[in-house]
Each structure stands twice: as structure tokens, then as C-alpha cells.
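Let's take a walk through this model together, from the broad outline down to single residues. Keep the structure open beside you as you read.

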Amino acid sequence: MRTIIPFLLASFLFACGESTENTEMTQSTRSTDKETTSEDLETKAKRHAEARLGISPTEKYTLEIYPENLDGDEKPDAIITLNRLEFAKNEAAKSKNPVKHAELGFMGNYNYIFYYDGGLDKISPEILVPSSPNATLKVTFEHIASEKFKDILIDYRVLNASFRNFYTVIEHTPRHVFQWKVFDGINKTEKEAYHFSYTEGTLGPQKDILVMKATMKDPGKVADIYSFEPEITPTSEQLYRFFYYPREGKYMSKK
Ligand SMILES: [Ca+2]
């Protein structure tokens, strides 16, 4: 036995040395680890969402995962979006006025986000984003509250318009801090559009949000208003400035 143990130890040490010295090997192992983690999160997210929302095993829904650093610790987090268009259509079909529901784009409670906290390895309860399920939620990220992590921007559609919700993760929970219209007026004469910029915070470390005027190109008659992405051109005209008030946990114009 005495001779076997040192031999095993030596081969173990040799193996360790080999894997740390070989960069290519380490990198390929890392990327495999990442894929496994994201697959695991998808399985976990599906199980979590189905249980939370009472989704039946036969329902077809859309789930997307957007990884990002959302709280400043070293563990990657993610935003999970869920869209229940099929369920919305089935509900409408069972209602008294299915045509009206279709005309309104099945507007209702069918789009959700969940927050995956990498540090806690936990998925949050669902956060409802009332909107038309004809469009899935659009997710982008920006440094607004801090340079150490990003805030969550969720775009959703209501009829001819698109809106944006802003969330900041505070104590492991995304807080809804601001909301504004992105554009309005597809298939209408009157059109409006906005863009946003973020400047040094006046009241604290959280940046001020500037709502800037933009123009929306007239595309003519659009067949599917929900999948259509209008051409928006930013201008340098500032319309409003919003400040983050920590006590209210919201962006507001100056008191
Ligand atoms: Ca994190």
C-alpha cells in the first residue's frame, strides 16, 4: 500500500500541473462548464415558471435567458422572459368576444420576467409586465445605478406603441424605478418617439435619466404592428430630466 499511495498522489499532482499549464485545455473546460450551467438554468427556470404560473405540460410558451451582472458580485445573474401567447389565444377563444381580444392584441397578463440571482442561485417570483403577448419582451442592460453592475430595461408593446420599464436590483430584487414611452403611432398619422441618455447623478450615485426627443420614420401601412421595429432617429433635444430619489426608490422630476 505504501508504494501505491505516493504513486497515485504523484499522478494526481502531475495531472493538476498538466491542466493548469495547458491554457487551451483550461479554456475549453471552462466553456463546457458555462454551457452546462446555462442548460441547468434553463431547466430550472422552466420548472420554476411552470409551477409559479400553473402552466400545463402541454402549453407552448417562449422562455429566453439573458445573462448579465445585475448586482455587482462575482456570480453571473440573468433575466428570464416568459411569453404565453398560445395561452392568451386559448383564453380569448373561450371568452365572450374573441374578435375584440384579437383586435387588442390579446393585451393582458401574458408576459413575465424572472430574475436569476447568481449569488443566491435562486430565481425570483414572477414580475408581470402587462402588454400584448403578440410581442415577446425585449431585454437590454445599461449602467445607470452603478458602474459595478447593470440595470434592466424591458420593452413591451401595447397596440401601436412601445414602452420601457427600468429595474434596478436592490437587496436581491428587481425594483421598478422608471417607465417611459419609446414610440407610438405605427399605422397612425401622429407619431412620437424618444431616446434616453444617462448623465452623472445630481442627487446620488444613480445617474439622472434624460428623456430626449427622437423621430420615427413613416413606414407606410404595416401589416404586423407587433413585430415591426420602426426606424428611430435620435435628436439632441432634451425634453425631461429625471432624478433618483432613494427614499421613494423611484425616478421623479425635481420636487
Ligand atoms: Ca451577481
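A good place to begin is with how the chain folds back on itself: of the contacts with a separation of 6 or more, 49% are between residues 24 or more positions apart. What you have on screen is a predicted model, and its secondary structure comes to four helices and 13 strands. Of the 255 residues in the chain, 24% are buried.

Before going further, a word on confidence. The average pLDDT of the chain is 88, and 84% of the residues score at least 70. Residues 1–34 are another matter, since pLDDT stays under 50 there and the model has three contacts beyond four places in sequence for this stretch. Where pLDDT is low, the predicted coordinates should not be read in detail.

Now turn to the sheet built from eight strands. This sheet is open, its strands follow the order 6-7-8-9-10-11-12-13, and the pairing is antiparallel. Strand 6 (138–142) and strand 13 (250–252) each have a single partner strand, so these two stand at the edges with one side left without a neighbour in the sheet. From one strand to the next, the twist averages 35°.

You can follow the pairing strand by strand. At one edge, strand 6 is joined by five bridges to strand 7 (residues 151–158), and here Val-139 sits opposite Ile-154. Further along, seven bridges link strand 10 (residues 192–199) with strand 11 (residues 208–216) in the antiparallel sense; Tyr-194 has Lys-213 of strand 11 as its bridge partner. Strand 11 also pairs with strand 12, again antiparallel and over seven bridges, with Ile-209 opposite Phe-242 of strand 12.

Phe-183, in strand 9, is a nice residue to click on. Why does Phe-183 count as buried? The cut-off is 20 or more other C-beta atoms within 10 Å, and Phe-183 has 22, so it is buried. Leaving aside neighbours within four places in sequence, its contacts are Ala-161, Ser-162, Glu-192, Ala-193, Met-216, Pro-230 and Ile-232. Met-216 lies 33 residues away from Phe-183 along the chain, yet their C-alpha atoms are separated by 7.6 Å.

Next, find strand 2, where seven of the seven residues are buried. Both of its faces are covered: Asp-77, Ile-79, Thr-81 and Asn-83 point to one side, and Ala-78, Ile-80 and Leu-82 to the other. Strand 2 has antiparallel partners in strand 1 (residues 62–68), through seven bridges, and in strand 3, through six. Glu-68 has Asp-77 as its bridge partner in strand 2, while Thr-81 stands opposite Ile-113 in strand 3.

That brings us to the nonpolar core. In soluble globular proteins, nonpolar side chains tend to be buried together. Here the largest such core has 27 residues, and Ile-80, Ile-113 and Phe-114 have the most contacts inside it. At least two residues each come from helix 2 (23–53), strand 2 (77–83), strand 3 (111–117), strand 7, strand 8 (161–170), strand 9 (173–184) and strand 12 (232–245). Strand 3 gives the most, with five residues. To see the surroundings of one core residue, look at Phe-114: beyond four places in sequence, Phe-114 touches Ala-45, His-48, Ala-49, Ile-80, Ile-123, Ser-124 and Glu-126.

Terms used. Residues numbered from 1 in each chain as written. Predicted model: local features only at pLDDT ≥ 70, side-chain atom pairs only at ≥ 80, totals over all residues. Pairing = 2+ DSSP bridges. Axes fitted to C-alpha atoms, helices over the stretch in contact; angles between N-to-C directions. Core = buried A, V, L, I, M, F, W, Y, C linked by C-beta atoms within 7 Å. Buried ≥ 20, exposed ≤ 12 C-beta atoms within 10 Å, placed from the backbone. Contact = placed C-beta atoms within 7 Å. pLDDT = per-residue confidence, 0-100.
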